[in-house]
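Here is a walk through one protein chain, from its buried interior to its charged pairs. Keep the structure open and follow along.

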Amino acid sequence: VCWVAIARAHLFLGRVGDAARCAQNAQMYFGRKLPTEESTRKHEEGRKKHATTGGKQSKNGTSRREHSNHLFRSHRQSELRMEASCIENICSSKCATLDTEFVARSMVTRLLYFCGGGTTSLDAMNADDGSEECNDFSYSFDSVWNSFGLKETLQRLIENRNETPSELRFIFPTGEKKKKNRKRHDLGLPSILDDTTCAKLQHHFAGGCLFDRTGCVDFDRIFSTGDRDKKCHGGAPLYLELGSGSGDWACLQAQLNPSGQYVTVELRADRVFQTFAKGMLRDMPLTNLCCVGSECGSFLRQRIRTGTVDAIFVNHPEPPTQTHGVNEADQSDEPAHMLNNKMVISSAKCLKPDGRGRLIIVTDNLLYAQHICRSVSKLLSQVDLVGVAPREVHDLKRIESFGHGSLNLYEGNPSISVDHYVVKGGPSNGTSYFDRLWRTGAGKHADMKRRYIIALRTKGGKSREAGGSNGTPKKRKKRSEEKQRRRNERRLKRKLES
């Protein structure tokens, strides 16, 4: 993991040779054999001599858990091996050295990290009502400045030029130091950015502030800057993926649908930067992808304008427990998980009204899908949401209805009918990390092949009829009387000849 992360950082700093060396070292470690299930079982038997009571123990022994752990380790290693191979291919290609100014602009406009969140306590979630003001933007750039490499990228940008750019000289006061009888520019870049410096950086790279007065992100400005093709993405559909993980699905969607604006929201900083790297380290960087590090609930309540999102996607969310909410008689307190009632209410407020906004949830866990449907069906009277009708998703199979038919649970492969763009004839081994993991059989309650889909849309407006591959509604052709007469004559003639 460390070798791959270091190789990724070297690529952003333009050190192609160091990146290739680290990727090769990672491949050397991947060449080592993983512990087999037999060796793991012997190790566990040796630990039983010092075992203590309590803890999470399997009633039917540890064989199932050992098998799942072995599949997880194998899958994790194969994913890292694949990323290391991609880095090696990039190092040997023409796009190995990224344009430094383009990287700096992308870090300012496409990489946002907000503090807060990170807890699974229901008390903490309920205490966060989003009423606090969010007009302090400096902490969003502090993480990008110190932890994601913006400071080193700006230093490299200045050192690669004969003279310090006048704009950056205005932002950071320069001085000159002598070293070995040679003069060099020393910016003296600060370790912490204040609000004034953050505002200057935004105006320099984005032409204005990325946030409005209420603290909401101005995605029209974000996606209209830093585009190598000089195309303005203002007014394009805005899509959000909550709990995006390492960003495989979002990067694929942004590649297949270049006219859409995709925003990934993930709490873990390493996964946020991994998504950003996947969008940048390619022949054609994805300028319609923005990576956000934040707790999903607070981001929806504090950073998204009401009624501006076309679709919110949640792919393979982690269930709170394995069996909570299996039956309607379960009245126990709801365990902490991302898709709680408060999250659904916040999502409904962000979606576009009049049937133009959608909330799409895809999971491989049937028990969890049923639990979500029961919880959401009780909220439909409080939120501006309604279940998507079967005629709008003709390629999916309805397997169960909730709330007197107001919400349906579907089974099938996600497609354009639920705004999932799919590669025709592409690989069938999954489009994300967890999708590929569950296909290996690592989850006890996760299905290897079946996918369960919960589709909701805002109330009002006309329902979207399921269409062809491009998602446009199919038009019903009406034959004229003359065409119908000729058609009947041909049918009669064929019948007489036979």
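Start at a cysteine. Cys91 is buried, with a relative accessible area of 14%; the cut-off for that word is under 20%. Keep in mind that this is a predicted model. Does Cys91 sit in a disulfide or in none? The structure holds zero disulfides. Cys91 is accordingly in none, and the nearest cysteine sulfur, that of Cys22, is 9.3 Å away. Cys251 is in no disulfide either. For Cys251 the nearest cysteine sulfur belongs to Cys291, at 6.7 Å. A disulfide needs the two sulfur atoms within 2.5 Å. Cys251 is also buried, at 3% relative accessible area.

Now turn to the nonpolar interior. In soluble globular proteins, nonpolar side chains tend to be buried together. Here the largest nonpolar core has 111 residues. Which residues have the most contacts inside it? They are Phe12 and Phe219. Helix α2, residues 16-30, gives the most to this core, with six residues.

Stay with Phe12. Its relative accessibility is 3%, so Phe12 counts as buried. Leaving out residues up to four places away in sequence, Phe12 touches Leu98, Val103, Met107, Arg156, Phe273, Phe276, Ala277, Met280 and Leu281. One of these contacts, Phe276, is worth a closer look.

A search of the whole structure finds eleven aromatic pairs. Among them is Phe12 with Phe276, a stacked pair. The ring centres are 5.7 Å apart, with 15° between the planes. Phe12 lies in helix α1 (residues 2-12) and Phe276 in helix α13 (residues 269-280), so the pair ties together parts that are 264 residues apart in sequence. Phe276 is buried as well, with a relative accessible area of 2%.

Another pair has another geometry. Phe114 and Phe211 are edge-to-face, 6.1 Å centre to centre, with 80° between the planes. This pair also links distant parts of the chain, 97 residues apart. Phe114 is in the loop between β1 (111-113) and α6 (122-127). Phe211 is in the loop between α10 (195-206) and α11 (219-223). Phe114 is buried at 4% relative accessible area, and Phe211 is buried at 5%. Back at Phe12, one aromatic cluster takes in Phe12, Tyr113, Phe148, Phe273 and Phe276.

Next, move to helix α15, residues 341-350. Which of its residues are buried? They are Met343, Val344, Ser346, Ser347, Ala348 and Cys350. What covers them? The cover includes strands β4 (238-242), β7 (311-315) and β9 (385-387), along with helices α14 (296-303) and α16 (366-377).

Leu242 shows part of this packing from the side of strand β4, where Leu242 is found. Leu242 is buried, with a relative accessible area of 1%. Beyond residues up to four places away in sequence, Leu242 touches Val265, Cys296, Leu300, Ile312, Phe313, Val314, Met338, Met343 and Ser347. Met343 and Ser347 are among the buried residues of α15. Leu242 and Glu295 are 53 residues apart in sequence, yet their C-alpha atoms are 9.1 Å apart in space.

Finish with charge. Side chains of opposite charge can pair when their charged atoms come close. The structure holds 16 salt bridges. In one of them, the side chains of Arg358 and Glu392 meet at 3.5 Å, N to O. Arg358 is in strand β8 (residues 358-363), and Glu392 is in the loop between β9 and β10 (397-402), 34 residues apart. Both Arg358 and Glu392 are buried.

Glu392 has a further partner. The side chains of Glu392 and Arg457 meet in a salt bridge at 3.4 Å, N to O. Arg457 is in strand β12 (residues 452-458), and the two residues are 65 apart in sequence. Both Glu392 and Arg457 are buried.

Contrast a local bridge. Glu482 forms a salt bridge with Arg485, the closest N and O atoms being 2.4 Å apart. Being three residues apart in helix α18 (residues 481-497), Glu482 and Arg485 are separated by about one helical turn. Residues three or four places apart in an α-helix point the same way. Glu482 is partly exposed, at 38% relative accessibility. Arg485 is partly exposed too, with a relative accessible area of 39%. The buried bridges, by contrast, form part of a network: salt bridges that share partners join Arg358, Glu392, Asp419 and Arg457.

Technical notes: Residues numbered from 1 in each chain as written. Predicted model: local features only at pLDDT ≥ 70, side-chain atom pairs only at ≥ 80, totals over all residues. Heavy atoms only, no water. Core = buried A, V, L, I, M, F, W, Y, C linked by side-chain atoms within 4.5 Å. Buried < 20%, exposed > 50% of the residue type's maximum accessible area, 1.4 Å probe, protein only. Helix = DSSP H or I, 4+ residues; strand = E, 2+ residues; numbered from the N terminus. Contact = heavy atoms within 4.5 Å. Salt bridge = Lys/Arg side-chain N within 4 Å of Asp/Glu carboxyl O. Phe/Tyr/Trp six-rings, centres within 6.5 Å; stacked < 30°, edge-to-face > 60°.
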